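Colleague: I'm new to this one and would like a close look at a single part, the open sheet. Could you walk me through it and then show me what else is worth a glance around it?

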Amino acid sequence: MKLIRFGLPGAEKPGVVTSEGMFDVSSFGEDFGEKFFETDGLARLEQWWNANSATAPKVAEGTRLGSPIMRPSKIICIGLNYADHAKETNAAIPKEPIVFFKSTTALVGPNDDLVIPKNSVKTDWEVELAVIIGKKAAYIEEKDAEDHIAGYALHNDYSEREFQIERGGQWVKGKSCDTFAPLGPWMATKDEIKDINNLRLWLTVNGNKYQDGTTANLIFKVPFIVSYLSQFMTLLPGDVISTGTPAGVGLGMNPQVYLKAGDVIELGIDGLGASRQQAVAWK
């Protein structure tokens with residue numbers, strides 16, 4: 001299944017995407033959050049859909065999409081998880097995953113505007129594969145990790161590099177500004193993705209391609225990441241893990257390139273759709 005949430009910010013309704021279009025599944029009676037996932041919601045929704053798809057109303061073309069999941073308990077990110085990205089930023093290849101957090105208040109819809117933060121001079125882009133946790137995970141083994149995954153989504157891990165690197169603190173400061181976590185357009189369940197280790201991911205700014213990579217080049221693969229994180233924290237249903245970005249970020253350019261108001265950022269991943277954000281100035 002492909003899950004979406006649609007409607008005005010803060011009033012999104014649950015939906016699904018099929019080959020016939022987008023459909024409202026509000027009558028199912030649940031939104032896509034922690035409780036939904038921890039109570040076998042995907043299986044229950046599939047059963048409901050099989051019985052009720054004929055009467056589910058279609059979502060009108062052009063309707064705003066929100067994040068495909070409700071605000072999670074946490075957004076966990078893996079840094080420098082592609083060797084080419086580590087090289088372009090003059091960083092060593094990590095021996096263990098670099099872990100940082102992104103504030104959940106950064107979460108927005110896939111096509112919402114990117115608001116360049118107040119006093120920002122180095123707002124940057126990062127196309128990433130996001131993993132959505134489906135079952136509580138604590139101290140799990142790598143071989144069991146897939147059982148704890150609900151699905152996958154497209155994520156742009158926006159970063160303010162001055163805040164992240166030059167302001168004397170953890171990366172979270174440069175990762176957590178409002179609108180810095182557009183997720184979606186949809187969450188695809190595991191069965192929708194044949195090979196998570198062979199997905200192309202790409203990003204353009206104003207039509208110029210900056211990132212064009214593949215998940216085959218992940219240093220730490222998805223099952224290892226889920227297992228690894230579960231050794232340090234309990235992963236809850238609906239939690240988001242962003243797995244890192246390939247080369248081609250503005251920080252790695254010579255000279256460096258950063259976003260400004262009016263820029264249009266488009267990105268996508270095989271099987272996980274595409275998204276588009278327009279940069280606007282903070283007011």
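**The open sheet and its surroundings**

Modeller: Sure, let's start with the sheet itself: it is open, has 5 strands in the order β7-β18-β17-β14-β15, and its pairing is mixed. Keep in mind that this is a predicted model. At the edges stand β7 (114-116) and β15, and each has a single partner strand, so one side of each is left without a neighbour in the sheet. From one strand to the next, the twist averages 20°.

As background, strands of a sheet pair through backbone hydrogen bonds, either parallel or antiparallel. Here, β17 and β18 (residues 273-281) run antiparallel and are joined by 6 bridges. If you want one pair to click on, take Val 264, whose bridge partner in β18 is Gln 278.

Now step back along the chain from β17. The loop between β16 (240-242) and β17 (264-269) holds Pro 255. The peptide bond that joins Asn 254 to Pro 255 is cis, with omega at about 5°.

Over on the other side of the order, look at the link between β14 (200-205) and β15 (208-214): Asn 206 is in that loop. Asn 206 has a positive phi, near 55°, though the residue is something other than glycine. With a relative accessible area of 41%, Asn 206 is partly exposed.

There's another residue of this kind in the loop between α5 (172-175) and β12 (181-182), namely Thr 179. Thr 179 isn't a glycine either, yet its phi is positive, about 75°. Its relative accessibility is 11%, and because buried means under 20%, Thr 179 counts as buried.

From there, have a look at the nonpolar side of things. The largest nonpolar core has 76 residues, and Leu 45, Val 226 and Ile 241 have the most contacts inside it. Strand β9 (residues 127-133) gives this core the most, 6 residues. Ile 241 is a handy place to centre your view: leaving aside neighbours within four places in sequence, its contacts include Leu 129, Ala 130, Val 131 and Ile 133, as well as Ile 76, Ile 78 and Val 226.

Last, the rings. The structure holds 11 aromatic pairs, and ring pairs link Phe 28, Phe 32, Phe 36, Phe 37 and Trp 48 into a cluster. For a charge over a ring, go to Trp 186: the charged end of Lys 2 sits over that ring, 5.6 Å from its centre.

Key. Residues are numbered from 1 along each chain as its sequence is written. This is a predicted model: local features need pLDDT of at least 70, side-chain atom pairs count only at pLDDT 80 or more; totals for chains, interfaces and linings use all residues. Side-chain values use heavy atoms; hydrogens and water are left out. Rings of Phe, Tyr and Trp (its six-membered ring) pair if their centres lie within 6.5 Å; planes under 30 degrees apart count as stacked, over 60 as edge-to-face and the rest as tilted. A charge sits over a ring if NZ of Lys or CZ of Arg is within 6 Å of the ring centre and within 35 degrees of the ring normal. Helices (H or I, at least four residues) and strands (E, at least two) are DSSP runs, numbered from the N terminus. Buried means under 20% relative accessible area, exposed over 50%, partly exposed in between (1.4 Å probe, protein chains only). A nonpolar core is a set of buried Ala, Val, Leu, Ile, Met, Phe, Trp, Tyr and Cys residues joined through side-chain atoms within 4.5 Å. Contact means heavy atoms within 4.5 Å. Two strands pair if DSSP finds at least two bridges between them. Axes are lines fitted to C-alpha atoms, for helices over the stretch in contact, and angles run from 0 to 180 degrees between N-to-C directions.
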